[in-house]
Amino acid sequence: MQTVLFNSTIFGPIHSRRLGSSLGINLSPNDGKICSFDCLYCEAGFNAQGPGTTGFPHRGDVSSKLEQKLIEMKQNGTPLDVITFSGNGEPTLHPDFGGIIDDTIALRDKYFPNVKISVLTNSTRLHDPKVSDALRKVDNNIMKLDSAIDATMRLIDRPNAPAFTTESVIDEIAKFGRQGIVQTMMLRGSHNGRHIDNTTDSEVEALIAAYRKINPREVMLYSIDRKTPEESLVKVEKEELQAIAERMRAAGITVQVS
Ligand code: SF4
C-alpha cells in the first residue's frame, strides 16, 4: 500500500514545479496521514493507512526545527524561494495552525525576509475564522478546487464530511478574492467501476463559472506527477492542459499550467 511521503516535520528544500526552491513544513504526523479529504491521487496514500503514532507535531517543536534549518541554510548560502505548508495531510487541521503561522512569519522575517510563505490547503476548513484569519497573513493561499460539480468532487476528493459541497467551498474561497490562488488537479481514470474525467466540456465550463465567481489572483492547473494510490488514474498531458487553460484565459482568468 502506498503510504506517507514525509517522515519529518521540516523537509527539503525541494525544487517545486510551481513554487521554486521550497522548504516544506509537514504539520501531520511523521508516520501517518490525517486529512479531511481522501483524494484518489494523494501522493501520501489513502487515509486507510491510519494516522500513525507520532501525532501532530507540537508548536514549539515546529518552530525550533524550522529555526535550526533556516540558520543552517543561511550559513550554507542555500537558496530559498518559499516556505511551504504541505506534507502528509491537511495542514489547517493542526490545532495550533494559527500560532504556527505566526511563528513561521516571525522566523521568515528574521532569517529570510524576502522569502514567501505558501499554504497548500484542501479548502475544507476555510469556514473556521481561526483558519481563514491565519491564511490571510501568508503570501500564497493555494486552495484546492478539483471540480465545481459535486458528484465529481466527491468521486475525486472523497471528503470526510457528507455536508461538504462545491457551492459552499466556492463561496468560502471567493471570500479570499485576489488574495487567493486556486489549484485544480486535472485527471482521468476510474475508481470502483466509476469513470472519472474532470476535463470534459461540462467540467471545464463549471470550473470557469466558479473561477469567475472567486476571482482569484491565479489558477494553477496541473496533473499527476507521481504514483497515485488509485492506480488507474491517467495524467493529462501538458498540451491538453494548455488547451484547457486557453479556454479559461479567454474567459478572463489568469491561469498557470505546471
Ligand atoms: S487534500 Fe491533499 S493531503 Fe488530503 S487527501 Fe487530498 S491530496 Fe492528500
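The buried residues of helix H6 pack against four elements: helix H5 (166-174), strand E6 (180-185), strand E9 (218-222) and helix H7 (238-250). Keep in mind that this is a predicted model. Below is a quick tour of H6, then strand E5, the ligand's surroundings and Asn7.

**Helix H6**

- H6 covers residues 201-214, which makes 14 residues.
- From its first C-alpha to its last, H6 reaches 20 Å, close to the 20 Å expected at 1.5 Å a residue.
- Its buried residues are Leu207, Ala210, Tyr211 and Ile214. Look down the axis of H6 and these buried residues fall within an arc of 100°, so they line one face of the helix.
- Turn to the face pointing away from that buried side and you'll find the exposed residues Asp201 and Ser202.
- Right after H6 comes Asn215, and its phi is positive, near 55°.

**Strand E5 and its partner**

- Strand E5 takes in residues 140-144, and 5 of its 5 residues are buried, so E5 is largely enclosed by the rest of the structure.
- The side chains split two ways: Asn140, Ile142 and Lys144 point one way from E5, while Asn141 and Met143 point the other way. Whichever way they point, all are buried, and that goes for Lys144 too.
- E5 runs parallel to strand E4 (residues 116-121), and 4 bridges join the two.
- If you want a spot to look at in this pairing, try Leu120, which stands opposite Ile142 in E5.

**Around the ligand**

- The ligand has a shell of residues around it: Cys35, Phe37, Asp38, Cys39, Cys42, Ala44, Gly89, Glu90 and Asn122.
- Sort that shell by character and you get 5 nonpolar, 2 polar and 2 charged residues.

**Asn7, before strand E1**

- Asn7 sits in the segment before strand E1 (10-16).
- Is Asn7 buried or exposed? Asn7 falls in between: with 14 other C-beta atoms within 10 Å, Asn7 is partly exposed.
- Leaving aside residues up to four places away in sequence, Asn7 touches Asn30 and Asp31.
- How far is Asn7 from Tyr211? Their C-alpha atoms are separated by 35 Å, and the two residues are 204 residues apart along the chain. Tyr211, remember, is one of the buried residues in H6.

Note on methods
Residues are numbered from 1 along each chain as its sequence is written. This is a predicted model: local features need pLDDT of at least 70, side-chain atom pairs count only at pLDDT 80 or more; totals for chains, interfaces and linings use all residues. A residue is near a molecule or strand if its C-beta atom, placed from the backbone, lies within 6 Å of it. Ala, Val, Leu, Ile, Met, Phe, Trp, Tyr, Cys and Pro count as nonpolar, Asp, Glu, Lys and Arg as charged, and the others, Gly among them, as polar. The expected span of a helix is 1.5 Å times one less than its number of residues. A residue is buried if 20 or more other C-beta atoms lie within 10 Å of its own, exposed if 12 or fewer, and partly exposed in between; C-beta atoms are placed from the backbone. The arc is that of the directions from the helix axis to the C-beta atoms. Two residues are in contact if their C-beta atoms, placed from the backbone, lie within 7 Å. Two strands pair if DSSP finds at least two bridges between them.
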